[in-house]
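Subject: Handing over the structure

Hi,

Here is the structure I promised to pass on to you. Have a look at it first, and then read on for what turned up in it.

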Amino acid sequence: MKPSQSIFCPGPMSRRSFFEAGYLALGGLGLSDLLLRRAMAKATNTQPTGNDDTAVIFIWLLGGPSHMETYDMKPDAPSDYRGQLNPIATSAPGIDICELLPKHAKVADRFSIIRSISHEDSQHARGSVRFLSGRKTQSVSPISEFPTVGPIVSRMREHRRVGVPNYVASSARAYGGGSAYLGESAMPFVVGGNPGASGYTVPNLSLSNGLKERLDDRVHLLKSFDHFRRDVDLKGSMESMDEINQQALSLLTSDKAREAFDLSRESDATRDRYGRHKWGQRALLARRLVEAGSSFVTMYMNNPDVPGTQKNRIHGNWDIHAINGDLYYDLGVRLPHFDSAVSALIEDLYDRGLDKKVMLIVSGEFGRTPRITVQPGTRSKVMQPGRDHWPGAMSVLVSGGGAPMGQVIGSTTSKGEYAKDNKLDPNDLLSTIYRFLGIDQHHEFLDRSGRPMPILPHGTPIRELS
């Protein structure tokens with residue numbers, strides 16, 4: 001059955017003060033509260049897994065990018081399929097990609113493109129649940145009823161103590177994502193906004209103003225941290241704290257955590273190469289986090305926020321229907337930012353020797369209709385091109401993970417409509433990720449009704465990425 005199309009989407013610090021810091025440092029869910037919930041969730045009986053030194057960076061392209069304008073172009077197809085952009089050759093024989101991705105082209109020998117992943121759901125929430133959890137749903141709720149990949153990794157690796165958050169994301173929840181019956185303690189440490197912006201701070205690693213006012217006025221806040229840490233070491237107080245507060249202390253007084261989030265430690269040349277924009281600086285932050293020890297980092301690249309553009313012709317994410325934006329004007333703005341961010345990240349992972357430790361995944365929830373539609377834009381009020389939802393074919397970029405690169409895995413039909421060779425399922429990609437991280441995909445959690453649920457109901461690691 002063909003996938004359906006969707007047209008519209010809508011001072012010295014006292015012990016008490018420190019414990020207060022654990023709760024007040026995080027807006028909403030306190031750090032100590034988060035760790036307490038995580039400890040209570042031990043009933044799920046997770047066990048330490050192998051390959052703890054591995055990590056995944058997941059670049060999530062909410063809305064679904066067009067495979068036909070990125071990694072699976074069809075120059076010989078009819079004009080209403082192939083569109084206005086042309087393919088260019090790359091450093092990897094056999095990989096041609098969009099002309100608006102020239103920096104990708106230079107590092108193509110360091111990534112592979114999967115062109116034959118497909119599934120059956122064209123609705124954003126259901127498609128995201130399908131892609132991120134490996135399970136089908138009938139719900140259109142943006143909050144998944146099943147745990148998705150990030151929270152699963154968080155729970156399966158909660159035993160790790162590396163001085164940085166184990167699971168970090170630039171948003172609390174992907175559309176269609178969530179922790180479901182694993183609970184909120186499996187959700188990410190959130191770092192939103194533009195981490196490269198002037199004056200940017202990470203609030204989750206900072207004390208609130210209210211707590212600062214309650215500190216001893218004789219000593220500056222930072223000196224209080226240093227004094228407190230020395231006092232803890234001398235008195236051996238750490239040994240008398242329970243595990244939760246030790247974890248809170250570790251993060252709140254961790255130079256490693258603060259340094260990992262501090263992009264000013266990078267050279268101007270490096271920051272320029274990634275791009276002095278939200279996407280580029282998020283990609284750079286992701287690299288710093290996995291290098292410091294984080295297990296799973298999700299960075300969202302939605303609205304490119306490019307000054308001086310015609311906002312009525314650009315959409316907020318990759319869901320570029322004709323009614324939402326002008327596909328080619330939008331991509332002309334969007335893809336250069338995407339190109340610099342992703343290519344610099346790939347280059348860095350290899351140049352810094354992280355390619356065997358880190359796997360990079362770049363994807364959205366589905367692809368776009370192979371045939372272009374032309375309709376009046378809701379905001380522009382003029383006829384403009386776009387593509388609609390299409391789960392029958394999509395492209396996924398994979399880099400690193402110790403796997404052979406410079407490959408095209410699978411293919412689609414001549415008009416980019418369906419997987420043709422080596423048809424794969426999102427579960428196969430998830431299975432590949434879990435194997436790389438040393439997580440048993442058959443491990444079971446109890447759902448809210450007490451029923452054992454395996455991490456994945458099915459899926460086989462992709463052979464070409466082994």
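Please keep in mind that this is a predicted model. A good place to begin is its largest nonpolar core, which has 103 residues. Ile114, Phe338 and Leu429 are the residues with the most contacts inside this core. Helix H13 gives the most to the core, with twelve residues. As background, nonpolar side chains tend to be buried together in soluble globular proteins.

What does Ile114 touch, leaving out residues up to four places away in sequence? Its partners are Met394, Ser395, Val396, Val398, Ile409, Leu424, Leu429, Ile462 and Leu465. Leu429, then, is both a partner of Ile114 and one of the residues with the most contacts inside the core.

Next, the helix pairs. Two packed helices are described by the angle between their axes and the distance between the axes.

H13 spans residues 327-351, and its axis comes within 8 Å of that of H12, residues 278-292, with a crossing of roughly 20 degrees. Angles under 35 degrees count as roughly parallel, so H12 is roughly parallel to H13. The crossing of these two helices is right-handed. On the H12 side, the contact uses Trp279, Gly280, Ala283 and Arg287. Facing them in H13 are Arg334, His337, Phe338, Ala341, Leu345, Asp348 and Leu349. By type, the residues of this contact are six nonpolar, two polar and three charged. You will recognise Phe338 from the core.

The other pair is H5 (residues 124-133) and H14 (residues 426-437), whose axes come within 7 Å and cross at roughly 40 degrees. That angle makes H5 oblique to H14. Here Arg130, Phe131, Leu132 and Ser133 of H5 meet Pro426, Asn427, Leu429 and Leu430 of H14. Five of the residues in this contact are nonpolar, two are polar and one is charged. Leu429 of the core turns up again here, on the H14 side.

Finally, two spots in the backbone. Most residues other than glycine have a negative phi. Ala180, however, has a positive phi, near 50 degrees, and Lys381 has a positive one near 65 degrees. Ala180 sits in the loop between strands E5 (167-169) and E6 (189-190), while Lys381 is in the loop between strands E10 (373-376) and E11 (383-386).

Are these two residues buried or exposed? Ala180 is buried, with a relative accessible area of 12%, whereas Lys381 counts as exposed at 64%.

Enjoy exploring it!

Best wishes

Notes
Residues numbered from 1 in each chain as written. Predicted model: local features only at pLDDT ≥ 70, side-chain atom pairs only at ≥ 80, totals over all residues. Heavy atoms only, no water. Axes fitted to C-alpha atoms, helices over the stretch in contact; angles between N-to-C directions. Helix = DSSP H or I, 4+ residues; strand = E, 2+ residues; numbered from the N terminus. Parallel < 35°, antiparallel > 145°, perpendicular 65-115°, else oblique. Left-handed = near helix turned anticlockwise from the far one by under 90°. Contact = heavy atoms within 4.5 Å. Nonpolar A, V, L, I, M, F, W, Y, C, P; charged D, E, K, R; others polar. Core = buried A, V, L, I, M, F, W, Y, C linked by side-chain atoms within 4.5 Å. Buried < 20%, exposed > 50% of the residue type's maximum accessible area, 1.4 Å probe, protein only.
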